[in-house]
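Visitor: I would like a close look at how the helices in this protein pack against their neighbours. Please take me through it slowly, as I am new to this.

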Amino acid sequence: MANPKDEQTQLPTHGAAVLPSVKVDSYNLEIEDDEGFLGDKANRTAFWDILDKWRKPLQDLDQDPLGDQPSEEIGKKKLATLLAEGKPEAASLVQSAIEEFAQQLALVIRRFLRLKAWRDTECLVIGGGFSGSRIGELAVARAGLLLKADDINVDLELIRSDPDEAGLLGAAHLLPAWMLKGYEGIVAVDVGGTNIRAGIVELNLKKATDLSKAVVVQSEVWRHADEDIKRDHAVDRLAEMLNGMLAWGRKNKIPLAPVIGIGCPGVIHEDGSIARGAQNLPGNWESSRFNLPRAIAEAVPQIGEHETLVVMHNDAVVQGLSELPHVKDRTHWGALTIGTGLGNARFTNRQGGKAKAAKKD
């Protein structure tokens, strides 16, 4: 994606190919096979479909150890309890679903790693809500073992931050360090296919300039998937959440940078428009007449004494950026977010990568 003239860090732009610490080699890839989009094999819905498939023949015999409750209503926590403490029939059913999902995840990763933009990937950080459960952890670990068994040398690592907060924490990495000096926090937004989350990220730059000590100190989540709403209502609701964050920041005397960082599904153009990939959001976010950063800037025109700057990137990119303090020893790495869809992003470290190469020489 990046070209030579992009090698110097520029002022923040939407969907930038070059960020302060990384080059974004690829993101939001939609790979198809004979059965449809490959990512649909390894998202949250895919796991529940797999579990339903294993339950169906047992239900026909009236011998389903999970009873009559729909799979998604059972939830990941209960499945984890059944796996650890349940009767052998129930535990083996859950284990079978985890195994099949892990095989599909490994298949998807193999396909990504064959792509030119993804070659030489050293590790993949797995995020998204599914990864934050014990079921998700086991599926990712099993997928990693399957890849190693096939001599595919890539490490699968669970995202270190809470997946619900990673999409907020990563927003701080969209900005050059000098823009954050003198401020204690920023406002961030994570737009997802199920939830929209807004929060305040306390930067803690005095403790760590690499943002490794950054924390989410306040947040609000709205589950829009449960409501039949239009796009404009979603934007209005988001604006209310953001103004609530600003009011909380003023009350708690946290000097906020005049910036709102947004992670949003889809391909993000430099002008802030959204191309393919936003189909799970309420209404048409890909319309040429809609511009989310502009709408947010109009709703929140000022933070403190300064005009608001809104900068937006793909949600998998932003969630992956939260891992930057922990991948300094890597050159090429990627992120997969298992949620409503399967988000994907691949990065090349700029400073860490150069230092590593120089050491080898």
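**Where helices meet**

Guide: Let's begin with one contact. From helix α1, the residues Ala46, Phe47, Ile50, Leu51, Lys53, Trp54, Arg55 and Leu58 meet a set in helix α4 made up of Leu93, Ser96, Ala97, Ile98, Glu100, Phe101 and Gln104. Sorted by class, this contact of α1 with α4 has 10 nonpolar residues, along with two polar and three charged ones. Please keep in mind that this is a predicted model.

Now for the geometry. A pair of packed helices is described by two things, the angle between the axes and the distance between them. Helix α1 covers residues 44-60 and α4 covers residues 88-114; their axes are 9 Å apart, and the packing angle is about 135°. That angle makes α1 oblique to α4. The crossing of α1 and α4 is right-handed.

Stay with α4, since helix α3 packs there as well. Helix α3 spans residues 76-85, and its axis comes within 7 Å of the α4 axis, with a crossing of roughly 120°. At that angle, α3 is oblique to α4. The handedness here is left-handed for α3 and α4. On the α3 side the contact is made by Leu79, Leu82 and Leu83, and on the α4 side by Ala90, Ala91, Val94, Gln95 and Ile98. By class, seven of the residues joining α3 and α4 are nonpolar, one is polar and none is charged. You may recognise Ile98: this residue of α4 meets α1, and Ile98 is also in the contact with α3.

Between these two helices there is a loop, and lysine 87 lies in it. Is lysine 87 buried or exposed? With a relative accessible area of 63%, lysine 87 is exposed. Proline 65 is 22 residues away from lysine 87 along the chain, and their C-alpha atoms are separated by 8.4 Å.

Next, move along the chain to helix α8, which runs over residues 292-299 and has Leu292, Pro293 and Ile296 as its buried residues. Why do these residues lie on the same side of α8? They cover an arc of only 100° around the axis, and this places them on one side of the helix. Here is a handy rule: an α-helix has 3.6 residues a turn, so residues three or four places apart point the same way. The partners of the buried residues of α8 are α7 (231-251), β9 (256-264) and β12 (309-314).

Let's take α7 from that group. The axes of α7 and α8 cross at roughly 50° and come within 10 Å. That makes α7 oblique to α8, and the crossing is right-handed. From α7 come Val235, Leu238, Ala239, Leu242 and Asn243, while α8 brings Leu292, Ala295, Ile296 and Ala299. In this contact of α7 with α8, eight residues are nonpolar, one is polar and none is charged.

Now look at the strand side of α8. Isoleucine 262 sits in strand β9. Since buried means under 20% relative accessible area, isoleucine 262 counts as buried at 0%. Apart from its neighbours within four places in sequence, isoleucine 262 touches Leu174, Val189, Val191, Leu292, Ile296, Val310, Val311, Met312, His313 and Val318. Two of these names should be familiar, Leu292 and Ile296, which are among the buried residues of α8. Lysine 23 gives another reference point: isoleucine 262 is 239 residues from lysine 23 in sequence, and the two are 18 Å apart in space, C-alpha to C-alpha.

One last stop is the loop that links α7 to β9, where lysine 253 is found. Lysine 253 has a positive phi of about 55°, although it is not a glycine. At 69% relative accessibility, lysine 253 counts as exposed.

To gather this up, α4 is met by residues of α1 and by residues of α3, while the buried residues of α8 pack against α7, β9 and β12. Try tracing these contacts on the structure yourself, one helix at a time.

Conventions:
Residues are numbered from 1 along each chain as its sequence is written. This is a predicted model: local features need pLDDT of at least 70, side-chain atom pairs count only at pLDDT 80 or more; totals for chains, interfaces and linings use all residues. Side-chain values use heavy atoms; hydrogens and water are left out. Axes are lines fitted to C-alpha atoms, for helices over the stretch in contact, and angles run from 0 to 180 degrees between N-to-C directions. Helices (H or I, at least four residues) and strands (E, at least two) are DSSP runs, numbered from the N terminus. Angles under 35 degrees count as roughly parallel, over 145 as roughly antiparallel, 65 to 115 as roughly perpendicular and the rest as oblique. A crossing is left-handed if the near helix is turned anticlockwise from the far one by less than a right angle, and right-handed if clockwise. Contact means heavy atoms within 4.5 Å. Ala, Val, Leu, Ile, Met, Phe, Trp, Tyr, Cys and Pro count as nonpolar, Asp, Glu, Lys and Arg as charged, and the others, Gly among them, as polar. Buried means under 20% relative accessible area, exposed over 50%, partly exposed in between (1.4 Å probe, protein chains only). The arc is that of the directions from the helix axis to the C-beta atoms.
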